[in-house]
Amino acid sequence: MRTSNTSMAPKHTFFFSIIALFLSGLQTIIFGSSLVTPTLPPLPILPLPSYSQLKWQQREIIMFFHFGVNTFTDSEWGTGQENPAIFNPTGLNAAQWVDTAIQAGVSLVILTVKHHDGFCLWPSKYTDHSVVGSPWKNGHGDVVKELVDAANSRNVDVGLYLSPWDRHDPRYGADKLYNEYYLAQLQELLKNYGSVQEIWFDGAKGANAKNMTYYFDDWFSMVKELQSSINIFSDAGPGVRWVGNEQGFAGSTCWSTINQTDLSIGNASIVNYLNTGDPRGTNWIPPECDVSIREGWFWHKSESPKNLTHLLHIYYNSVGRNCVLLLNVPPNTTGLISETDVHRLKEFRAALDGIFSTNLAENCSVLASSQRGGKGGSFGPENVVDSDHLWTYWAPRDDNTQHHWIEFRPTSDGGRLRFNVVRIQEAIGLGQRIHRHEIYADGKIIANGTTVGHKKLHRLENGVVEATRVTIKITGSRATPLISSVGLHLDSFWNPHSV
Ligand code: FUL
């Protein structure tokens, strides 16, 4: 029973007044005599990313390794009839794969532990269609373990691709039996190989494949139970969604938000929706752009890696459009990443470092249309040129109904800015907001766009611009825009006239 003790009230009031007086005194000591309290951060706009999604987004580029019996049969989709004896990568060195990833600036690698042919790269106790039946290490090898060990010792994270479509296993087509088999393998993989940061559920299935209902809800629940920080990839998320094509291109409008109820796995009619996302979406499921460095996903002697120009084009259209780029680099029949691919990746990394390591905006004074809490607080425009690209940001005042703008002027007398790339980043930890923006050089418009998200890169259509004043205007936003970083860069590989 609740009782009220009114007779105690005056005593309590006196006690609380003393505490309040003490606290305000303390505040005066800490923040000066004018009783200034720090400006509070703005409210988020839902939906928000999870901690694991934020971590994934900041990786920007991750790497895929397609490897299996197809590597030895020169094919893309195995039939399921392959003899495990053909799998014999005599020089396999997973450390070389991981070192290649590190040199490319990658911190997460994903291996196809079972592709559509059903051949397992680890000694699964639920099938004999695996490395156990191969001459590699006399049937005692385990590619998953080799990769995990190499990655762990180098501080690189691991992801796994386990194909739902299985052309080998006779249980495929029998709903209950195959789902049991698939779940058994998921448990083997997620219990025995340490921490797994991403799992890939591929929606692909051949036109004449048997009917099969996958128990996705059971699979996803089991995955989350076994690996708390994992991101689940599929056409429909729930952690990461497919971008809708295999060219590595996101939509020029690209929201991390989408309505999960409108998504389903293996549904060709939603590719455009996946490509752009949805500003009214109630789920945060950002897109991942999967593309291969070569034409095929698996290694083929006749193929060679895409040239640097092509890789940069992919980067601008994926990472530069609010996505993570999942770049496939297939190990060859020896069990190594080919030297040509290693070399191309080094060029790619060097090019990205060359373009983005210098930010001309850092040597500018930064002005803005308004600032949350007024000058001197923690939400000033100077935050867009510091090294934190997530949690320090420029926030205009909420009550400012005009267009918001931020402007850069070189600090050196007579200084001119020479650039052909503009980078804008939103503080996505508080939601994705911007849906329209424009960029001006000395008052003349040089680019415009829609969404920004984690990172928007404008490679200027007319090439290099010289200016003494660069202004970014936010002309449409779901809520007060919050900008965490801006860059003005010179890309010496960009020649708009050669495209
Ligand atoms: C597709 C598969 O059919 C390809 O073989 C490849 O694995 C690609 C990443 O996904 O759906």
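In the predicted model, N155 lies in the loop between α5 and β3 (157-162), where helices (H or I, at least four residues) and strands (E, at least two) are DSSP runs numbered from the N terminus. The phi angle of N155 is near 65°, a positive value in a residue other than glycine, and at 72% relative accessibility N155 counts as exposed, with buried meaning under 20% relative accessible area, exposed over 50% and partly exposed in between (1.4 Å probe, protein chains only). N138, found in the loop between β2 (108-114) and α5 (143-153), likewise has a positive phi, near 50°, and is exposed at 67% relative accessibility. Just after α2, a positive phi of about 65° is taken by E60; the buried residues of helix α2 (residues 51-59) are S52, Q53, L54, W56, Q57 and R59.

Residues are numbered from 1 along each chain as its sequence is written. Because the model is predicted, local features need pLDDT of at least 70 and side-chain atom pairs count only at pLDDT 80 or more, whereas totals for chains, interfaces and linings use all residues, and side-chain values use heavy atoms, with hydrogens and water left out.

The chain holds 10 helices and 20 strands, and buried residues make up 55% of its 499 residues. Along the principal axes, the C-alpha trace spans about 80 × 80 × 45 Å.

A closed barrel of 8 strands, with parallel pairing, runs β1-β2-β3-β4-β5-β6-β9-β10, two strands being paired if DSSP finds at least two bridges between them. The twist in this barrel averages 25° from one strand to the next, where axes are lines fitted to C-alpha atoms, for helices over the stretch in contact, and angles run from 0 to 180 degrees between N-to-C directions. Strand β1 (residues 61-65) is joined to strand β10 (residues 324-328) by 4 bridges, in parallel, and F64 stands opposite N328 in β10.

Within the barrel, strand β4 (residues 198-200) and β5 run parallel and are joined by 3 bridges, while 2 bridges join β5 to strand β6 (residues 240-242), again in parallel. F233 in β5 stands opposite W200, and the bridge partner of F233 in β6 is V240. In a regular strand the side chains alternate between the two faces of the sheet. In strand β5 (residues 231-234), N231 and F233 point one way and I232 and S234 the other way, and all are buried. Together, β4, helix α7 (residues 216-226) and β5 make a right-handed β-α-β unit, a crossover being right-handed if, with the strands pointing away from the viewer, the path from the first strand over the helix to the second runs clockwise.

Two cis peptide bonds are described here by their omega angles and positions. One joins G237 and P238, with omega of about 15°, and P238 is found in the loop between β5 and β6; another joins L46 and P47, with omega of about 0°, and P47 lies in the loop between α1 (9-31) and α2.

An open sheet of 5 strands, with antiparallel pairing, has the order β11-β12-β19-β15-β16. Its edges are formed by β11 (364-368) and β16 (444-449), each with a single partner strand, so one side of each is left without a neighbour in the sheet. Neighbouring strands of this sheet are turned by 20° against each other on average, direction ignored. Strand β15 (residues 434-441) and strand β19 (residues 470-477) pair in the antiparallel sense over 7 bridges, and K473 in β19 is the bridge partner of E438.

A search of the whole structure finds 30 aromatic pairs, defined for rings of Phe, Tyr and Trp (its six-membered ring) with centres within 6.5 Å, planes under 30 degrees apart counting as stacked, over 60 as edge-to-face and the rest as tilted. One of these, between Y214 and W219, is tilted, at 5.4 Å centre to centre and 45° between the planes; both residues are buried. Y214 and W219 belong to one aromatic cluster that also includes Y181 and F220. R171 lies over the face of Y181, at 4.0 Å from the ring centre, a charge sitting over a ring if NZ of Lys or CZ of Arg is within 6 Å of the ring centre and within 35 degrees of the ring normal.
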